[in-house]
Structures are given as C-alpha cells and as structure tokens.
Amino acid sequence: MKVLLVSSEVAPFAKSGGLGDVAGALPKALRRRGIDVRLVMPLYAGIDWNDLERLEGVLLVPMWWGTARAGVRLGRLPGSDVPVYFLEYHRYFDRPYLYGTPEEGYDDNLERFTFLSRGALELCKVLNFIPDVIHANDWQTALAPVYVNTVEWGRPLHGAGTVYTIHNLAYPGVTDGGALFVTGLGQQHYHPGEFEHFGALNLMKAALRHANVISTVSPTYAQEIQTPEYGCGLDGELRARRGDLFGILNGIDAEEWDPASDRHLKHRFSWEEPEEKEAAKLALQHEAGLPIDPGIPLFCAIGRLVDQKGFDVVAHAMDRLLSWRMQLVLLANGDREAEHHFAVLASRHPERFRAWLKFDAALSHRLYAGADFVLVPSRFEPCGLTQLYGLRYGALPVVRATGGLVDTVHSYEERTGEGTGFAFRDLTPDALINTIGWALSTYYDRPEHFEAMRQRAMRQDFSWGRAAAAYEDLYREAYRRRRGHSL
Ligand code: ADP
C-alpha cells in the first residue's frame with residue numbers, strides 16, 4: 001500500500017501541537033506494517049537544511065498568480081527510513097512562525113497552504129509516486145482532497161482514496177468568500193455544498209464534503225463534534241457524514257516518554273520497579289521550593305493557557321484547594337492575564353503552589369514523574385496527551401469527562417477499587433473541587449486502592465502500533481470507497 005501523508009507540521013522538524021506529533025510518529029508505525037508512506041511538509045526557517053538532500057530540478061506548482069518554482073529537499077523521519085519531502089519556497093515559509101504571531105495568523109495563509117496542498121500532489125506526479133491513499137490533516141491541507149476531486153479529475157491521482165483527519169475542529173480555516181480564487185478553483189465552488197459556510201469560506205467544510213473518509217483523534221470526540229456544543233458550526237456537516245466518520249485514538253512516543261529510561265529524569269522507575277517514584281516526587285518538591293514531604297499528595301497541571309484547557313475553572317477553585325493539605329505545581333503559558341493571576345497566587349501560597357509560566361519540555365517530564373496526580377479539566381479535548389503521560393508516569397489523571405479523556409481514563413469505582421483516574425462531568429469549580437477531594441480521600445483513606453490504580457495506569461498500552469493498525473483499516477476503507485473494490 002502506498003500512502004501520501006500531507007501535513008503542515010511533522011515532529012521533530014516543526015511542531016505546534018498534536019498534529020505534529022501524529023505526523024511524526026504514525027508514519028513510523030505504518031512503515032513497520034509494511035506500508036510505503038511518504039510525507040510532504042514545508043521547509044520552514046529553523047529546519048536544519050544541511051542534513052537534507054537537495055533533489056534535482058524544480059517543482060512547478062500552479063498558483064493563482066502563475067507558476068511557483070519550488071525546490072524539494074528529502075530527509076527521513078529520525079529512526080526510520082520514512083521519506084519526508086520538504087517543499088522549499090522561501091517567500092512563504094522562511095518566517096519566524098509556522099502560521100503567524102501568537103496574536104494573529106499571517107495574511108497569506110490561504111496562499112501558503114494552497115501551495116503546500118497543491119505542491120504535494122504535483123510532487124507525486126514528478127516522483128511517479130501514485131499513492132493508493134492521500135491523507136490530509138486539519139485546515140492547512142484541507143484542499144488536498146478537494147484537488148483530487150477537481151483539478152486531478154480523470155488523471156492518475158484521482159484514483160487515490162482520500163482520508164481527512166480533524167486534529168482540532170476549533171481551527172477550521174475560515175476566510176473571506178472572495179478569496180476562493182487564491183486556491184485556483186473557480187467561484188462555482190463557492191456554494192453551501194463545498195466551500196461556503198454561513199457566508200464565509202471554510203476550508204474544513206470543503207474537505208468534509210470531498211474526502212472519502214473522515215477521522216478524528218478519539219472515538220468520543222468523533223461523537224461530540226456531531227453536536228452543536230462541540231461542532232463549531234460544522235456539526236451538521238459531520239452528522240451528514242456520520243457513516244464515514246471514525247475516531248482513532250492517538251498513541252504516544254513510547255521511547256521519549258518512558259519513566260524507566262527517561263533522559264530528563266535522575267530518578268527512573270517503572271511499574272515493575274516503582275521504588276524511585278517517591279524519590280522523583282521529593283526531587284520535584286525540592287525543585288518547586290515546596291515543603292519536602294512524601295505524605296502530601298502532589299498535583300501537577302501542564303498545558304496552554306487557552307479556553308480549551310479549562311484553567312480558568314482551576315483559577316476559580318484555587319482558594320479552596322489551597323486550604324487543603326495538598327500541593328499543586330503548574331507548568332503553563334499563554335494568556336497573559338491568566339499567567340499574572342497564577343503568578344500572584346503562587347507568591348501568596350509558596351508552601352502549597354508553584355507556577356512555572358513558560359514552555360519547558362524537560363521540566364514537563366519531571367512533573368509527570370514526580371506528581372501523584374495530573375489535572376486535566378479541559379472544556380473540550382480531541383485526544384489529549386497530558387493524561388496519557390500522567391498514566392504512564394504513575395500520576396493519576398483527574399479529568400473532565402470529555403473527548404479523548406473519556407476514552408483513555410477509567411474513572412475510579414470506590415466499591416471495587418477499579419479505575420485509572422478520576423472524572424467529572426460539569427465544568428464548574430464545585431465539580432472540580434469535589435473530584436479533587438475524592439482523589440485526596442482515596443490517597444489518604446484507601447491507599448491500597450490508590451497504589452493498585454497507579455500500577456494499572458502505568459501498565460496501559462498507548463503505543464502507536466495499535467493506532468497504526470486502525471489507520472491501515474481506514475486507508476483500505478477510503479480506497480474501497482474510491483475504487484469500488486478492495487486494495
Ligand atoms: P494540545 O495539543 O491541545 O496543546 P495535548 O494534551 O494534545 O494538548 O498536548 C500538549 C503537549 O504539550 C503535551 O506534551 C504537554 O506536556 C505539552 N505542554 C503543554 N504546555 C507545556 C509547557 N508549558 N511546557 C512544556 N510542555 C507543555
């Protein structure tokens with residue numbers, strides 16, 4: 001099976017979120033299943049160009065203003081032979097950010113990612129790599145399945161099944177309707193059956209209409225996005241295609257995130273040899289400047305300070321939480337006001353609360369390793385990684401029951417002791433406080449349950465192997481729908 005995966009980010013070359021992780025990890029697992037998968041992404045500033053092989057010739061990419069003459073460089077996903085083709089076009093990608101400053105996206109994003117989507121297909125032709133399946137992701141490459149059905153009509157690429165994956169529905173790629181010409185598609189495509197959505201151009205909508213199959217990153221999120229509450233205005237579209245919509249949980253990079261061999265940790269442990277977990281906790285208390293005491297339950301919270309992550313609800317709960325015998329460490333950045341709020345709280349309660357308001361990957365490993373619990377109060381969560389790292393490192397997740405959090409955390413059953421974490425439904429300070437109280441009482445009053453849950457949590461398998469098998473099935477389904485017969 002031949003698969004082209006187009007993505008605007010691929011870890012470790014360029015990453016702003018979960019999309020980059022998926023695009024960097026899934027292909028390696030697909031490759032182990034014998035699939036000929038190749039990646040196409042932009043050559044951004046900051047990527048180490050010297051390590052990449054410059055392919056001969058120029059790639060001609062049709063654009064609204066004429067033909068872009070692009071370079072192509074070839075690299076491999078680290079630790080594998082999966083080819084990654086980098087489209088080199090400095091006018092679009094030699095910039096400090098992937099999509100724009102933290103405040104706003106670049107004005108020409110539609111043009112930049114038109115180039116990527118169209119360029120990826122042109123590249124297949126010059127390489128004579130005719131994929132059985134083309135896998136596009138999020139708004140940035142939403143045009144790929146549309147081109148397969150339009151400009152490639154009647155040509156070899158038209159035979160490829162198309163898969164479109166939503167990593168976060170909250171970013172659909174919306175712009176002014178008059179901008180459709182930038183994609184090279186005529187205004188006849190601007191209607192509610194394709195690009196037009198409530199008076200604007202919506203890239204995701206077009207992909208949802210054109211792709212053979214649609215997926216998202218957890219089964220629960222796949223259901224939720226069909227409702228007005230989570231649908232970001234596209235729930236009707238998603239309901240209309242519910243028979244073609246699948247949820248596949250992301251995996252984690254089991255080598256990067258292994259408490260038994262983690263290079264960021266001084267104290268390493270595993271479910272078979274958990275003894276050093278306590279040393280990791282004491283080290284974290286020390287690093288955080290909190291009282292060092294193995295008997296005080298230690299919570300951590302890690303994430304972007306944006307609406308999605310629900311830290312505003314934590315802020316409202318802080319006064320009560322900080323009156324209890326527990327400790328909380330926060331590693332987060334984003335909204336300036338929220339940062340300020342947490343900084344002030346931390347200075348007022350140095351014996352209970354420490355806030356690091358920055359992005360620090362190495363530190364995040366030490367938090368997962370040292371904490372007893374990880375707090376994930378998301379408003380919505382397509383899949384979520386922090387709870388998966390928490391499980392693997394023996395920090396039991398306390399989660400809002402939404403999206404991927406439902407699919408990965410089994411809430412505690414007090415009667416039987418079953419479960420791997422604690423879940424609540426209502427996103428309110430009271431619900432959060434009650435659930436943290438429930439976790440604390442389990443820690444203090446039912447330590448045998450707590451320890452058994454921790455063991456169970458650390459033994460779970462969230463590797464990419466399982467996800468890759470599911471994607472392979474999805475690819476076969478997309479091909480079958482396109483061709484009318486199996487691959
Ligand atoms: P999202 O992609 O919506 O941000 P995920 O839970 O899927 O949420 O992934 C977040 C990832 O980013 C996790 O690996 C988490 O550890 C990491 N992360 C988030 N904020 C920080 C931070 N301030 N410092 C270090 N790592 C962070």
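On a 1 Å grid over the protein atoms alone, a cavity is a set of points where a 1.4 Å probe fits but cannot get out, while a pocket is an open set with protein on both sides within 12 Å along at least five of seven lines; lining residues have an atom within 4 Å of a point. Grid points are joined across faces, edges and corners, and a volume is the space filled by probe spheres set on the points. Residues are numbered from 1 along each chain as its sequence is written, and side-chain values use heavy atoms, without hydrogens or water. The model is predicted: local features need pLDDT of at least 70 and side-chain atom pairs count only at pLDDT 80 or more, whereas totals for chains, interfaces and linings use all residues.

**Stop 1: the cavities**

How many cavities of 30 Å³ or more does the structure hold? There are 2. Start with the second largest, with a volume of about 30 Å³. Select Leu 4, Arg 38, Val 40, Tyr 85, Leu 123, Cys 124, Leu 127 and Phe 129 to see its lining. Helices (H or I, at least four residues) and strands (E, at least two) are DSSP runs, numbered from the N terminus. With those labels on, β2 (36–42) and α3 (109–127) each supply at least two residues of this lining, and α3 has the largest share, 3 residues. For classes, Ala, Val, Leu, Ile, Met, Phe, Trp, Tyr, Cys and Pro count as nonpolar, Asp, Glu, Lys and Arg as charged, and the others, Gly among them, as polar. The lining of the second largest cavity then has 7 nonpolar, no polar and 1 charged residues.

Now move to the largest cavity, whose volume is about 40 Å³. Select Ala 301, Phe 311, Val 314, Met 318, Leu 328, Leu 330, Phe 342 and Phe 353, which line it. The helix α9 (311–321) gives the most to this lining, with 3 residues. By class, the lining of the largest cavity has 8 nonpolar, no polar and no charged residues.

**Stop 2: the ligand**

Next, show the residues near the ligand (a heavy atom within 4 Å of it). There are 19 around the ligand, and the closest are Arg 304, Lys 309, Lys 358, Tyr 368 and Leu 385. They divide into 8 nonpolar, 7 polar and 4 charged.

Zoom in on the polar contacts (pairs of N or O atoms within 3.5 Å). An N or O atom in the Lys 309 side chain is 2.9 Å from an oxygen atom of the ligand. At Lys 358, a backbone N or O atom lies 2.7 Å from a ligand nitrogen. Asp 360 has a polar backbone atom 3.0 Å from a nitrogen atom of the ligand. Elements giving two or more residues to the ligand shell are β14 (298–305), β15 (327–334), α11 (361–370) and α12 (386–392).

**Stop 3: the second largest pocket**

Here the volume is about 290 Å³. Of the 18 lining residues, Glu 278, Asp 372, Phe 450, Glu 451 and Arg 454 lie nearest the centre of the pocket. Elements giving two or more residues to this lining are α8 (276–288), α14 (429–445) and α15 (447–459). Which element gives the most? It is α15, with 6 residues. The lining of this pocket has 9 nonpolar, 2 polar and 7 charged residues.

**Stop 4: Phe 462**

Finally, follow the chain into the loop between α15 and α16 (464–483), where Phe 462 sits. Is Phe 462 buried or exposed? Phe 462 counts as buried because its relative accessibility is 11%, and buried means under 20% relative accessible area, with exposed over 50% and partly exposed in between (1.4 Å probe, protein chains only). Add Asn 250 to the selection: its C-alpha atom is 7.8 Å from that of Phe 462, although the two are 212 residues apart along the chain.

Note on methods:
Polar contact = N/O pair within 3.5 Å; in protein donor to acceptor, adjacent residues only side chain to side chain.
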